[in-house]
Amino acid sequence: MKQVLHDLIRQSLNRLGEKEKLALNDNDATKIEKPRDEKHGDFSANTALVMSTQINLTPRKIAEKIVENIPATDFIEKIEIAGPGFINFFLTRHAHLQVINTILTSGDTYGRSGHGEGKSILIEFVSANPTGPLHIGHGRGAAYGAATANLLEAIGYKVDREYYINDAGRQMDILAVSVYLRYLEKCGVDIRLPGKAYQGDYVKSIAGKIYDEKIESLKTDTIGLDALLNNETDCEKQLDSLIEYIKRALGHANYEYVFDAGLNEILADINNDLDEFGVVFNSWFSERGLLASDDVHACIGTLKKNGHLYEADGALWFRSTEFGDEKDRVVIRDNGQLTYFASDIAYHKSKFDRGYDRAIDIWGADHHGYMARIKAALSALKIDTQKLDILLVQFASLYRGSHKVQMSTRSGQFVTLRELRDEVGKDASRFFYVTRKSDQHLDFDLELAKSQSQDNPVYYIQYAHARICSIKRQMQEKGFRFSLVTDVAELVMLEETHEHKLLARLSAYPETVLTAADNYEPHQIGYYLRDLAYEFHTYYNACQILVEDEKLRNARVSLVSAIQQVIQNGLFLLGVSSPEAM
């Protein structure tokens, strides 16, 4: 309908331009939106305000001329001019009823559009370090990223989903050391595991698999190791010494074996966990692969050639402050090692080298300080930073009613995504994760997520879908003849106030999808579905659907079938199922 109104306004501007001998064009600046107050009509356009720079008249006078030249149509009941020159459109009953036909003929494409014009977007999310299982914080990023990607696809973008594997650097070496120490335990060596090592049971499991395959062939002299393990005056230095010692003791090939065993086991677990959560990636981008390609050094070479690097204190620094960052950043340390930042520069450059029109990063809120330096580096490489959006996801806390859940009884460290999913299910997890804006803290109430009540939004929405399926089963059981009604002339019997509200709500779905996608706000879909479910349940309780009058019955079943379709479409975008029975 918004497109119909856009076309009518353009036709009016063409007529007006011919009369006034002017070349009028709103340059696509016209915004057609649903007014907050129903008294102001179904849609409101700001065209007159936009055109005031082209016509030497007040916006209100321009609005009057636009209205005079709008072609007659059976979709518009009346047009009013409000305020400084807003044009308010009131739709006819025919236009409202037309939405049922549109939904039933469009099916799962209702709400989708070509707004994105097929432009390509790479959306990177989760990207958790492969040093342990995914926890509830990663789960929120996964649900938000997947829903945002679905929304962007729904409005016509070509979207690829990518997981950046941080499989290089010190944290991965600490994992390898942790696994190897647990392996030595399996070999009968008395080990005092450092406090900063990875402690979870998953480390023991990986070590056990290595032992089953290698028995004691990787066991080395532990005399020097004992001295390092008993020296905890500086935990970080202790770890660095352990990494150096074990690398030397094992040799390159055996150390790589232990390193890869830990990495591959955890990556496989992460992949499986995400798959069961309904989150699938098009590509997994390896940091180790990036370093092996020499792309990082090539990036540093370009920055150096263009005068954006300098040496100080034995390190190589990027002049980040020249591009708006709060301080300059090291890209090569004084020991000759590349920083994580250096890898991230090359990784982000690769996103645009691969031809993507836009890139989206979804990071945890603790990465807020990283945004400026990444955009500074892209600016220095002459890449348009407007093409990169960085979205932050705030932390999530678990509650059982009013009691905060402190930790997992199984892992002893954190609540894993798998534990959450096992307790409340995939659907409730996916939905609850996106019930708030991503940059707002989320309190996840486990008891509410499991409850079968009106207070649980995902249950309430799914129950609306199941209830409509039940209506259709009852109709078959009673032997009623039925055919979906798409002819507007046969839908005029839908005269109840509840039916009018439902028609207006259904009409708003495409605009909701577009707004949610443009603003990266999947929670808008959740709010919309909750309101639609509420209006349906209210209608169901107030009006009998399966009445004796066949024409009215078919009209009402067609209406609820349209509601069912929209619920399916919306839940799909959020990664939530639409059960037929509950």
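1. D295. In this predicted model, D295 is partly exposed: its relative accessible area is 38%, which falls between the 20% limit for buried and the 50% limit for exposed. The residue belongs to helix 11, which covers residues 295-305. Once neighbours within four places in sequence are set aside, D295 has contacts with L290 and A346. A further spatial relation concerns K349, which is 54 residues away along the chain from D295, with 9.4 Å between the two C-alpha atoms.

2. Overall description. The protein chain has 582 residues, of which 51% count as buried. Its secondary structure consists of 21 helices and 15 strands. The C-alpha trace spans about 90 × 65 × 35 Å along the principal axes. About 27000 Å² of the protein chain is exposed, and carbon and sulfur atoms supply 46% of that area. For contacts between residues at least 6 apart in sequence, 72% join residues at least 24 apart.

3. S120 and strand 5. S120 is found in strand 5, residues 120-124. S120 has a relative accessible area of 13% and is therefore buried, the cut-off being under 20%. Outside the window of four places in sequence, the contacts of S120 are K158, G355, Y356, D357 and R358. One of these, K158, is also the bridge partner of S120 in strand 6.

4. Strand 6. The pairing of strand 5 with strand 6 is parallel and runs over 5 bridges. Strand 6 comprises residues 158-165, and 7 of its 8 residues are buried, so the strand is largely enclosed by the rest of the structure.

5. S127. The loop between strand 5 and helix 5 (136-154) contains S127. S127 has a positive phi, near 45 degrees, and is a residue other than glycine. Is S127 buried or exposed? With a relative accessibility of 12%, S127 counts as buried.

6. I215. A positive phi also occurs at I215, another residue other than glycine, with a value near 50 degrees. I215 sits in the loop that links helix 7 (201-214) to helix 8 (223-229). The relative accessible area of I215 is 46%, so this residue is partly exposed.

7. Strands 8, 9 and 10. Strand 8 (residues 309-312) and strand 9 (residues 315-318) run antiparallel and are joined by 4 bridges. Y310 has W317 of strand 9 as its bridge partner. The hairpin of strand 8 and strand 9 has 2 residues between the strands, and D313 in this hairpin takes a positive phi near 55 degrees. Strand 9 also pairs with strand 10 (residues 329-332), again in the antiparallel sense, over 3 bridges. In that pairing, F318 is matched with R329 of strand 10.

8. Four-stranded sheet. An open sheet has 4 strands in the order 1-2-4-3, with antiparallel pairing. Which strands lie at the edges? They are strand 1 (32-33) and strand 3 (76-82), each of which pairs on one side only. Strand 1 is joined to strand 2 (residues 43-45) by 2 bridges in the antiparallel sense. Within this part of the sheet, E33 stands opposite S44 of strand 2.

9. Helices 14 and 15. The axes of helix 14 (residues 417-424) and helix 15 (residues 426-433) come within 7 Å of each other and cross at roughly 115 degrees. The two helices are therefore roughly perpendicular; the range for that term is 65 to 115 degrees. Helix 14 contributes L417, L420, R421 and V424 to the contact, and helix 15 contributes K426, A428, S429 and Y433. By class, the contact has 5 nonpolar, 1 polar and 2 charged residues.

10. Helix 19. Which residues of helix 19 (residues 509-518) are buried? The buried set consists of Y509, E511, T512, V513, A516 and A517. For reading such a list, an α-helix has 3.6 residues a turn, so residues three or four places apart point the same way. Just after helix 19, Y520 has a positive phi of about 55 degrees.

How values were computed
Residues are numbered from 1 along each chain as its sequence is written. This is a predicted model: local features need pLDDT of at least 70, side-chain atom pairs count only at pLDDT 80 or more; totals for chains, interfaces and linings use all residues. Side-chain values use heavy atoms; hydrogens and water are left out. Buried means under 20% relative accessible area, exposed over 50%, partly exposed in between (1.4 Å probe, protein chains only). Contact means heavy atoms within 4.5 Å. Axes are lines fitted to C-alpha atoms, for helices over the stretch in contact, and angles run from 0 to 180 degrees between N-to-C directions. Angles under 35 degrees count as roughly parallel, over 145 as roughly antiparallel, 65 to 115 as roughly perpendicular and the rest as oblique. Ala, Val, Leu, Ile, Met, Phe, Trp, Tyr, Cys and Pro count as nonpolar, Asp, Glu, Lys and Arg as charged, and the others, Gly among them, as polar. Two strands pair if DSSP finds at least two bridges between them. Accessible areas come from the Shrake-Rupley method with a 1.4 Å probe; for residues, only the protein chains shown count as cover.
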